[in-house]
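Visitor: I am new to this structure. Please take me through one part of it, slowly and closely.

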Amino acid sequence: MAWFKRELKGIITTTEEKKEAPDGIWNKCPNCKKPLHYSEQVENQYVCHYCGFHIRIGSKEYFSILFDDNQFTELFGGLTSGDPLHFTDTKKYTDRLVETKKKTGLQDAIRAGVGKMNGQNVVIACMDFNFIGGSMGSVVGEKIARSIDYSIANKIPFLMISKSGGARMMEAAFSLMQMAKTSAKLALLSQAKVPYISLLTDPTTGGVTASYAMLGDINIAEPGSLIGFAGPRVIKETIKKDLPKGFQTAEFVQEHGFLDFIVDRREMKEKLASFLKMLAPVAPAP
């Protein structure tokens, strides 16, 4: 009965000898539930190699995928949110900001950088959903505005990667003002004939969808991304009707004419680089 009593060494490791796997080494695909090793995720650009599901990632990962050799210069990294309304819900807004900064290592829900993509200069602003749901506050709008100014001044194409739950309620009207502010800046970018590509990722909702996310010269998205204004549950409760299958997915939005392309993340860099090449101004003939 030694087997059942586990008396023989080697049948089971003693508690003292057990070693825990480090956090972050293994992950589980949210779609097919199969285990994914971190090195496999990085190699496959955070796309499940079993089912093709695009795992949510942040600015750090997008920059490593899109910038050549992950070399870039961060722009306006010192901007942080204030608390103009002295807002408090379950906790003070200032406390929430401090806690989120410590947890994520980010200053706000967006980072911007300038570098090269397949040898072509590009400014990329990318949102981070881990920072208060990627909510659009005054810092998000200001960083986008300054990034656009930088693109205009240096004649460098601008790529916006959206991933957001919408406006940041803690800043109320200050947040909503960013919709008009960024839209006006994009109009100046268009007048300057500097290309603007908008990449919508999962999820892109609320005021972000209603402003800069849908104003690109080219609007593209990752497969299966949730894209809309109000969420499906809110819409269903409002209209009291069942929604069409696949409602507010990137595929549904493209079918109804709001997207130009849906691009697999593993092909994203090459596709974006080809867009930039096509949109680049033609040098005048000698």
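Guide: Start with residues 29-51. The UniProt record, an unreviewed entry, lists them as "zinc finger region: C4-type". Keep in mind that the model is predicted. The end C-alpha atoms of this span lie 9 Å apart. The span is 26% helix and 13% strand.

Now the cysteines. Under "binding site", the same kind of record, an unreviewed UniProt entry, lists Cys 29, Cys 32, Cys 48 and Cys 51. These residues are spread over 23 residues of sequence, yet they cluster in space. The largest C-alpha distance among them is 8.8 Å.

Take Cys 29. Cys 29 lies in the loop between strand S1 and strand S2 (35-37). Is Cys 29 buried or exposed? Cys 29 is buried, because its relative accessible area is 1%, and buried means under 20%. Cys 51 has 36% relative accessibility, so Cys 51 counts as partly exposed.

Why is there no bond between the sulfurs of Cys 29 and Cys 51? The closest cysteine sulfur to that of Cys 29 is in Cys 51, at 3.6 Å, and that is too far for a bond. A disulfide needs the two sulfur atoms within 2.5 Å. Seen from the other side, Cys 51 is in no disulfide, and its nearest cysteine sulfur is that of Cys 29. A search of the whole structure gives the wider result: zero disulfides.

Next, look at the largest pocket. About 600 Å³ of space lies in it. Its lining has 24 residues. Nearest the centre of the pocket are Arg 56, Ile 57, Gly 58, Glu 61 and Asn 130. Three elements give two or more residues to the lining: strand S1 (26-28), helix H2 (38-43) and helix H3 (59-66). Which of the elements gives the most? H3 does, with four residues.

What is the lining made of, by class? Eight residues are nonpolar, ten are polar and six are charged.

Last, where does the largest pocket lie? Domain 1 (23-55) and domain 2 (57-279) both give residues to its lining, so the pocket lies between them.

To recap: the four listed cysteines cluster in space, Cys 29 is buried, Cys 51 is partly exposed, and the structure has zero disulfides. The largest pocket lies between domain 1 and domain 2.

Conventions
Residues are numbered from 1 along each chain as its sequence is written. This is a predicted model: local features need pLDDT of at least 70, side-chain atom pairs count only at pLDDT 80 or more; totals for chains, interfaces and linings use all residues. Side-chain values use heavy atoms; hydrogens and water are left out. On a 1 Å grid over the protein atoms alone, a cavity is a set of points where a 1.4 Å probe fits but cannot get out, and a pocket is an open set with protein on both sides within 12 Å along at least five of seven lines; lining residues have an atom within 4 Å of a point. Grid points are joined across faces, edges and corners, and a volume is the space filled by probe spheres set on the points. Ala, Val, Leu, Ile, Met, Phe, Trp, Tyr, Cys and Pro count as nonpolar, Asp, Glu, Lys and Arg as charged, and the others, Gly among them, as polar. Domain bounds come from an automatic or database domain assignment. UniProt positions are given in the numbering used here, feature names are shortened, and annotations may be inferred rather than shown by experiment. Buried means under 20% relative accessible area, exposed over 50%, partly exposed in between (1.4 Å probe, protein chains only).
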